[in-house]
Amino acid sequence: MTAQQSTPRSPEGPTTSPAPARGLAPSARSQQAEGAVRVSVEQHRQDVEALLGPVLARRGAERVALDEALDRVLASDLLAPSDLPAFRSSQMDGYAVRAADVAGAAGGAPVVLPVVAEIPAGPGGPVALTPGTAARIMTGAVVPEGSDAVVPVEDTDAERFGTHATAARGAVGTDVGVLAPRGPGEFVRDVGSDVRAGDLVLAAGTLLGPQHLAAAASCGVATLDVRARVRVAVVSTGTEVVEPGAGAEVGQVYDANLHGLAAAARRAGAEVVLTGRTGDEPRELAALLARAAEASDLVLTSGGVSQGAYEVVKDTLGDDVAFRSVAMQPGGPQGFGTHHGTPVLTFPGNPVSAQVSFAVFARDALERAAGRPRRAGERRVVTSAIDSPPAKTQMLRGRLGADGTVDVVGGAGSHLVATMAAADALIEVPAGVAHVEAGASVRVVRL
């Protein structure tokens, strides 16, 4: 749902006892009446945690291919299945030699050795290198038996190195002058010098990035055990909302919540298994919610939870979900419960309210279930004064500065989508605080 409504929905202000919405059963009317009682942000957060905790705690592990493991959390330690490297290899393009043969090499007095072999990177092992000879070798190639050092091509007088089968000095069948000494082991990667079989490569709990997947691939590992993702369904409601890209008539607005909440869930480590949009008809929504509950571990809805005459989520879920007013601005109208045995969180329809609601009440639980590190709040110095309704916790959009400050972006309105796009944090002004001076320390949570 977005800010401009074509149906008579009420704004997110203080709630009063509403008249029963159409079609509500007596139990639903009772829950709706209870919604007139405002609860604190912390109380609602605890209630949501209690609802989600048992379900999200049951998430186990699943095995996925490396290409599917990016940004997943490793479920168990990855131990090296074998030594890496598995053979002695060259660190440089150059010449494999015996260190004793080039001990006296110098720029003005090179040690001249016949080049008896060329060793490219690839399968197979070369013949042993006899004393007093050199083999032209490429980076990553197998160092021959009898050789204990590699002289980089830069430390030789080879005339041309980057061509095959050439008669130039330094090629097979010619000599090469070594201009610097090399000790045993120099520029040679020994077996197991990276990791030994059984060594810890990646620890359980690692949020897998490209470097971690590269390390696993280097060890020959094709699959990883990762934390199973929470399956989330996102349902957007409202006759007035239409898909972005479609034509919007007067009285219609583009649906920010279906895409925004789905993206937020994915960012939190969840798998979005179903998205859908309905109008203000309870039967239509009921059918969609039944599919969503069957397919997912958690259903998120937007819109239809305030005090207007066409609150379709209340009309449909009134027997299953407790609707209440939370002392938070924006994002006051909230609901939580289960539908067909699946937890449901109902958020307001205004786009900023929906995003703030997700960040405050759902994100931590999803990230924890995914094994992701907790986003702890931090203290920042606010650059401008803030006036806040003392009866509510205000969650303002903010932009973090490099100097430990935070700027307020836009105002308190829940329809200010552009300011949400410009923000990278939420500024929390707790209930009971009516004014914050510029230069004061405030708590912020990164988006």
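A residue counts as buried under 20% relative accessible area, as exposed over 50%, and as partly exposed in between. R277 has a relative accessible area of 26%, so R277 is partly exposed. That scale serves for the rest of this report, which describes a predicted model.

## Overview

The protein has 447 residues, and 47% of them count as buried. Its secondary structure comes to eight helices and 28 strands. The accessible surface is about 19300 Å². Carbon and sulfur atoms hold 54% of that surface. Consider contacts between residues at least 6 apart in sequence: 73% of these join residues at least 24 apart.

## Salt bridges

Side chains of opposite charge can pair when their charged atoms come close. A search of the whole structure finds 19 salt bridges. Three of them are set out here, including their N to O distances.

| Salt bridge | N to O distance |
|---|---|
| R59 and D297 | 3.4 Å |
| R63 and D225 | 2.8 Å |
| R277 and E243 | 2.5 Å |

Take R59 and D297, which meet through their side chains. This pair links distant parts of the chain, 238 residues apart. R59 sits in the loop between helix 2 (41-56) and strand 2 (61-65). D297 sits in the loop between helix 5 (282-295) and strand 17 (298-302). Is D297 buried or exposed? D297 has a relative accessible area of 9%, so D297 is buried. R59 is partly exposed, at 23%. The pair also belongs to a network of salt bridges that links R59, R231 and D297.

Next come R63 and D225, joined by a salt bridge. They too link distant parts of the chain: R63 is in strand 2 and D225 in strand 12 (residues 223-227), 162 residues apart. R63 is exposed, with 58% relative accessibility. D225 is partly exposed, at 23%.

The third pair is R277 and E243. R277 lies in strand 16 (residues 271-278), and E243 lies in the loop between strand 14 (241-242) and strand 15 (253-254), so the salt bridge ties together parts 34 residues apart in sequence. E243 is partly exposed, with 32% relative accessibility.

## An open sheet

Strands of a sheet pair through backbone hydrogen bonds, either parallel or antiparallel. Five strands here form an open sheet with mixed pairing, in the order 8-5-7-6-9. Which strands lie at the edges? They are strand 8 (149-152) and strand 9 (175-178), each paired on one side only. On average, neighbouring strands of this sheet are turned by 45 degrees against each other, direction ignored. Strand 5 (residues 94-97) and strand 8 run antiparallel and are joined by four bridges. Within strand 8, V150 stands opposite A96.

## Strand 21

Strand 21 (residues 342-347) is mostly covered, with six of its six residues buried. T342, V344 and T346 point one way from the strand. P343, L345 and F347 point the other way. Residues on both sides are buried.

Two pairings of strand 21 can be followed. With strand 17, the pairing is parallel and spans four bridges. There, S302 stands opposite F347. With strand 20 (residues 333-339), the pairing is antiparallel and spans five bridges. H339 stands opposite T342. Strand 20 and strand 21 form a hairpin with two residues between them. In the turn, H340 has a positive phi of about 55 degrees.

Strand 17 also ties back to the salt bridges: the loop that holds D297 runs between helix 5 and strand 17.

Terms used
Residues numbered from 1 in each chain as written. Predicted model: local features only at pLDDT ≥ 70, side-chain atom pairs only at ≥ 80, totals over all residues. Heavy atoms only, no water. Salt bridge = Lys/Arg side-chain N within 4 Å of Asp/Glu carboxyl O. Buried < 20%, exposed > 50% of the residue type's maximum accessible area, 1.4 Å probe, protein only. Contact = heavy atoms within 4.5 Å. Areas by Shrake-Rupley, 256 points an atom, 1.4 Å probe, with all protein chains shown as cover. Pairing = 2+ DSSP bridges. Axes fitted to C-alpha atoms, helices over the stretch in contact; angles between N-to-C directions.
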